Structures are given as C-alpha cells and as structure tokens.
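This note sets out comments on the structure shown below. The points are numbered for ease of reference.

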Amino acid sequence: KTTIVRDFIMNQSPDRTLSLTINFSSRTSARDVQAAIEDSIEKRTKDTFGPPAGKRLLIFVDDLNMPRVDTYGTQQPIALLK
C-alpha cells in the first residue's frame, strides 16, 4: 500500500504539488507532526496558512495507528490531525 501511494505522489507535477510524508511510530508526538506540517506551509494572511501560491500540498501519513496511547486513551498525533 505504501509503495502505491508513494508512486502516485512521485507522479504528480513538481511544479504544482509539494509532498510531505510523515512516518508515525510509537515515539511520534503531536509536536513532531505539527512541526513537520508547519515546515511545509507558509503564512498567507493573519490566520490563514497553506502551501506556496499555485501549489497544493499532499500529506501522506504512513503507519497511522502506531503512536502510543496516552493515559486518557487517545493518540495525540492522530487527535491533532482530526
């Protein structure tokens, strides 16, 4: 499955598409996910963020269910994405 998605992303036009792959593990924190996404976007207006103008951002999250379950029964990196 991962190979199929990566092939799809690699076949997108680099002039119009940015890609970001995030590999989750048991040690992935919500802060790690937020930092990775923030590194790929820019500020457009006061409270609007997005990829550079004229481009789209494809984010592929591999091994989505890997983060450790915390005391409250949640997986914080997944909660951030919701």
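The points below move from the overall fold to individual residues.

1. Basis and architecture. The coordinates are those of a predicted model. The chain contains three helices and four strands, and these follow one another in the order α-β-α-β-β-β-α along the sequence. The C-alpha trace extends over about 45 × 35 × 15 Å when taken along its principal axes. Of the contacts between residues at least 6 apart in sequence, 59% connect residues at least 24 apart.

2. Burial and surface. Of the 82 residues in the chain, 21% are classed as buried. The accessible surface of the chain is about 6,300 Å², and carbon and sulfur atoms account for 51% of that surface.

3. The nonpolar core. Which residues make up the largest nonpolar core? The set consists of six residues, namely Leu20, Ile22, Phe24, Val33, Leu57 and Ile78. For Leu20, the contacts beyond its neighbours within four places in sequence are with Ala36, Ile37, Ser40, Leu57, Leu58, Ile59 and Phe60. Leu57, itself a member of the core, is thus also among the contacts of Leu20.

4. Ile37. This residue belongs to helix 2, which covers residues 30-40. With neighbours within four places in sequence set aside, Ile37 is in contact with Leu20, Ile22, Ile59 and Leu81. Of these partners, Leu20 and Ile22 are listed in the largest nonpolar core. The C-alpha atoms of Ile37 and Thr21 are 9.7 Å apart, and the two residues are separated by 16 residues in sequence.

5. Val61. The position of Val61 is in strand 4. Is Val61 buried or partly exposed? Val61 counts as partly exposed because its relative accessibility is 21%, and the class of buried residues requires a value under 20%. Apart from neighbours within four places in sequence, Val61 contacts Ile22, Phe24 and Leu81. Val61 and Ile22 are 39 residues apart along the chain, yet their C-alpha atoms are separated by 4.8 Å. Leu81 also appears among the contacts of Ile37.

6. Charges and the salt bridge. The chain carries 12 positive and 10 negative side chains, and the centres of these two sets are 3 Å apart. How many salt bridges does the count come to? The count is one salt bridge. The side chains of Arg6 and Asp62 form this pair, with an N to O distance of 3.9 Å. The pair joins distant parts of the chain, since Arg6 is in helix 1 (residues 2-10) and Asp62 is in strand 4 (residues 56-62), 56 residues apart. The two partners may be described separately with respect to solvent: Asp62 counts as buried because its relative accessibility is 12%, whereas Arg6 counts as partly exposed because its value is 38%.

7. Pro52. This residue is located in the loop between strand 3 and strand 4. Pro52 has a relative accessibility of 26% and therefore counts as partly exposed. Leaving out neighbours within four places in sequence, the contacts of Pro52 are Leu18, Ser40, Glu42 and Arg44. Ser40 is also one of the contacts of Leu20. The C-alpha atoms of Pro52 and Thr17 are 9.6 Å apart, with the two positions 35 residues apart in sequence numbering.

8. Ala53. Ala53 also lies in the loop between strand 3 (48-50) and strand 4. Why does Ala53 count as exposed? Ala53 falls in this class because its relative accessibility is 72%, and exposed residues are those over 50%. Ala53 and Glu42 are eleven residues apart in sequence, and their C-alpha atoms are 9.3 Å apart in space. Glu42 is also listed among the contacts of Pro52.

Notes. Residues numbered from 1 in each chain as written. Predicted model: local features only at pLDDT ≥ 70, side-chain atom pairs only at ≥ 80, totals over all residues. Heavy atoms only, no water. Core = buried A, V, L, I, M, F, W, Y, C linked by side-chain atoms within 4.5 Å. Buried < 20%, exposed > 50% of the residue type's maximum accessible area, 1.4 Å probe, protein only. Contact = heavy atoms within 4.5 Å. Helix = DSSP H or I, 4+ residues; strand = E, 2+ residues; numbered from the N terminus. Areas by Shrake-Rupley, 256 points an atom, 1.4 Å probe, with all protein chains shown as cover. Lys, Arg positive; Asp, Glu negative; His and termini not counted. Charge placed at Lys NZ, Arg CZ, Asp CG, Glu CD. Salt bridge = Lys/Arg side-chain N within 4 Å of Asp/Glu carboxyl O.
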